[in-house]
Amino acid sequence: MITTEQRTDIVHILKWSNGAWLQHSSDALVEELVIDTRKIAQPGKALFIAMKSARRDGHSFIRDAYEKGIRNFLVSGEPDIAAFPEANFILVKDTLVALQQLVAARRKQFNIPVIGVTGSNGKTIVKEWLYQLLNESYNAVRSPKSYNSQIGVPLSVWLLKPQHQLAIFEAGISQPGEMEQLEHIIHPDIGVFTNIGEAHSEGFLNIRQKINEKLMLFRHASQLVYCKDYPELNEAVVQFINQLKGPGNKQLSLITWSQKMNADLQVKQVVKDGSKASIEALWKDETVSISIPFTDPASIENAIHCWCVMLLLGIPNDVIAKRMLNLHSVSMRLELRHGINDSTIINDTYNSDLTSLLIALDYLEQQKQHKHHTVILSDMLQIARADVDLYEEVAQHIGSRSIQRFIGIGPALYKNRSSFRKNKKLRSVFFKSTDDFLKKFHLINFDNEAVLLKGARAFTFEKIATLLEQKVHQTVLSINLSSLTNNLNVFRSRLKPGVKTMAMVKAFSYGSGSFEIANLLQYSGVDYLAVAYTDEGVGLRKSGITMPIMVMSPDATSFDRMIAWKLEPEIFSSQSLRAFTAMAQTLQVQHYPVHIKLDTGMHRLGFMQPDIEALVKELELNPYVKVASIFSHLAASDDPAEDDFTVAQAKAFDQMSEQIMEHLPYKPMRHLCNSSAIARHPALHYDMVRLGLGLYGIESSRALQKQLKQVSTLKTTIAQIKTVPAGDTIGYGRKALATDEMRIAIVSIGYADGYPRTMGNGKAHVLIHGKPAKIVGIVCMDMCMVDITAIPEAQEGDEVIVFSPELPITQLSEWAGTIPYELMTGISQRVKRVYENEL
């Protein structure tokens, strides 16, 4: 039952944020905090917080939030409140500080155990495993995704509700002073310090300073769990305890574990057997043990941290041991796959709880290429909450979104199906088990829709995924959308405020998939997209991409389609300008945006200096076009040896573009920089920059390479393994000779998939079980052979990495004697694309 004290209304927000009324129109309840107008679940009970950053000002989205139904606003500037007569506006000095203050105040309304987790590595895994292990004993809440930042922590702690009995929040910092703010918000009773390492050390003088800053999370905690086997951490904790001693300070008790010395939980032995590790330890003079379905050192360490917390909470070791056996790996990403009948499948079958469901529903909402959305959901298992209340809330969340069909699988959902059938706009169908659904699968139509698969592991939704996914070649190109977002932000961080970004999605987004990449870029607030040909742009429009799109190689015969689909042509000659003008006149459109291409030395498409005078005359008298931008291409921006030429190109660009702009009654944008130029030539950013291969983690000047992440992983499988006798030859032309007995794997990738024939005869290798396996003989059309003599554990069906962050595509391009562009764009369309989005 929600008490008066725990119900939050706009008056509480005013008080807790130390704000002042700009406009007070109602005493509305506030249940949801929104910082992104693309993610709104309950607009009538939401508070929009207008956050400011170097790249974006949330105040510019107030109108959008209001139009979507939000009526409560926390601002640091004064908008035109007359335009929002039904809204509450609270004015604060700094919206981030106010967010932290109001959540810290609300946190004080709850008197339940709160576990705070920090450390260099393993924070999210420990948090997720604690949730898995404790959810049967407590109605628990935890941080969604990796929400551990100055913004993520308050958004996590806000999720606390009266029915919760336990909370688990993680905290991460990047510089001194940040943890003190997070401690006010989380205020943990129990602390877990996972470990200490070099990760995220850039903002600190040394490791000791980083440890001391992280320990600030536990200055008011009662217990702290940590491993004594990290000497610097152990020494810092002892000093921290001594500093806390004194009148009025809360005593912090330590719960330690170690594999090397005396500790509260003293690990005696770790025995690995196949895929399982058994851990025996001494706890309060008694021998205790657990087994976990993992054998790697990081998982063993993470599990022991969780073990300590559970023992501290008084959970019997036999219960702990039983639950530890069922630990499952934490998937930090959603997978987006092409499905049957032009559908899109969002596969999130790794965990099933309310928090992760809301994240997945937000992702489903982003799939604008489909008008029809379906959710397939299993029962949520091992959640300490009454089913009737749980599924009533699930039904409310489903009903508040643009979801047309709901398929519930499991006895609890079947029993509570009436909660969903209250919504007359939602088509719903229920099955008691996955097998029941599979038997009726042929009767259910999936066609041109986005389908979210969200199921607990016990329901084996991978069987459903197999039926829904498009049957294509087993070689897969995996594209990590979170890495692409990281790369976008790396380049954005180099730009001055106000400089726009154009992203290149031509050539099937460098082989990565046009719509999926474009959709992410649109969601991320990129200003322009660029494609090579009209058909590419039309395809994006048909898939729901609404942002401006420039066509870089327009064919005059497609100008009518460009106008019909609101695509903006590159104009590179007087002939192309006249042809487009004639079409615009025929279709009776005026001031249509076009982009003027200048040739400043690349000598590809574009107007040269002698052409400018005639161009200006044509533009001055032309009411049918409006110059949206003037741009050119740099020929060698990545090469320091060619910097003089780059400067000369920029000088020519200035002269030519200024000559054009002098005769225009408006100021078009100018852009010159590609990915390398963004990094190496900040003076040339002008009004907009163009991001191409840098988005995908490849920056040829290498100025930013360490900050970028390779986006794509190409992987396949071993089709067959055989032993070749000494003296036998392998492959076409008998080019490979087995001088000794050789164990080879036939791998399901060939030049028809985009793997060059030049890689053969030992020139390149793939990775199997993390070990290099050289290509043997000539690469065939659909197959190639690799030497696995030194990899005895390799088996048929095993995964083979062709390129990945561990085997960069730049290395493959060196082997092939080409450039990464050619390899990426050459990956065949028959290779399945899978899109991963980290949580």
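## Close-up views of a predicted model

**View A. Asp 527 and its salt-bridge partner, Lys 500.** Asp 527 has a relative accessible area of 26%, so with the limits for this class at 20% and 50% it counts as partly exposed. Keep in mind, here and in every view below, that this is a predicted model. The partner of Asp 527 is Lys 500, and the closest N and O atoms of the salt bridge are 4.0 Å apart. This pair connects distant parts of the chain: Lys 500 belongs to strand β22 (residues 500-504), while Asp 527 sits in the loop between α19 (514-523) and β23 (528-531), 27 residues apart. Lys 500 is also partly exposed, because its relative accessible area of 34% lies between the same two limits.

**View B. A buried pair, Glu 183 and Arg 219.** The two side chains form a salt bridge with an N to O distance of 3.4 Å. Distant stretches of the chain come together here, with Glu 183 in helix α6 (residues 178-186) and Arg 219 in the loop between α7 (207-215) and β10 (223-227), 36 residues apart. If you are wondering about solvent, both Glu 183 and Arg 219 are buried.

**View C. Arg 670 meets Asp 654.** Their side chains make a salt bridge, 3.6 Å from N to O. Strand β28 (residues 669-671) contributes Arg 670 and helix α24 contributes Asp 654; these residues are 16 apart in sequence, and the pair links distant parts of the chain. Burial splits this pair: Arg 670 is buried, since its relative accessible area of 13% is under 20%, whereas Asp 654 is partly exposed at 24%.

**View D. A network of shared partners.** Salt bridges tie Lys 127, Glu 128, Arg 142 and Glu 170 together into one network. As background, oppositely charged side chains can pair when their charged atoms come close. Across the whole structure, a search turns up 28 salt bridges.

**View E. Lys 651 on helix α24.** This helix covers residues 643-661. Lys 651 is exposed, because its relative accessible area of 56% is over the 50% limit. For a sense of distance, His 633 is 18 residues from Lys 651 in sequence, and their C-alpha atoms are 13 Å apart in space.

**View F. Two histidines with positive phi, His 591 and His 603.** Most residues other than glycine have a negative phi, so a positive value invites a closer look. His 591 has a phi near 55° and occupies the loop between α22 (574-586) and β26 (592-598). His 603 has a phi of about 60°, and its place is the loop between β26 and α23 (612-620). With a relative accessible area of 56%, His 603 is exposed.

**View G. Stepping back to the whole chain.** The chain contains 27 helices and 38 strands. Its radius of gyration is 30 Å, close to the 28 Å that the globule rule gives for 839 residues, so the chain is as compact as a globular protein of that length. The C-alpha trace spans about 90 × 85 × 60 Å along its principal axes. Of the 839 residues, 56% are buried. Among contacts between residues at least 6 apart in sequence, 67% join residues at least 24 apart. The chain exposes about 35,800 Å², with 50% supplied by carbon and sulfur atoms. Finally, the mean positions of its 89 positive and 89 negative charges lie 4 Å apart.

Technical notes. Residues numbered from 1 in each chain as written. Predicted model: local features only at pLDDT ≥ 70, side-chain atom pairs only at ≥ 80, totals over all residues. Heavy atoms only, no water. Helix = DSSP H or I, 4+ residues; strand = E, 2+ residues; numbered from the N terminus. Buried < 20%, exposed > 50% of the residue type's maximum accessible area, 1.4 Å probe, protein only. Rg over C-alpha atoms; globule rule 2.2 N^0.38 Å. Contact = heavy atoms within 4.5 Å. Areas by Shrake-Rupley, 256 points an atom, 1.4 Å probe, with all protein chains shown as cover. Lys, Arg positive; Asp, Glu negative; His and termini not counted. Charge placed at Lys NZ, Arg CZ, Asp CG, Glu CD.
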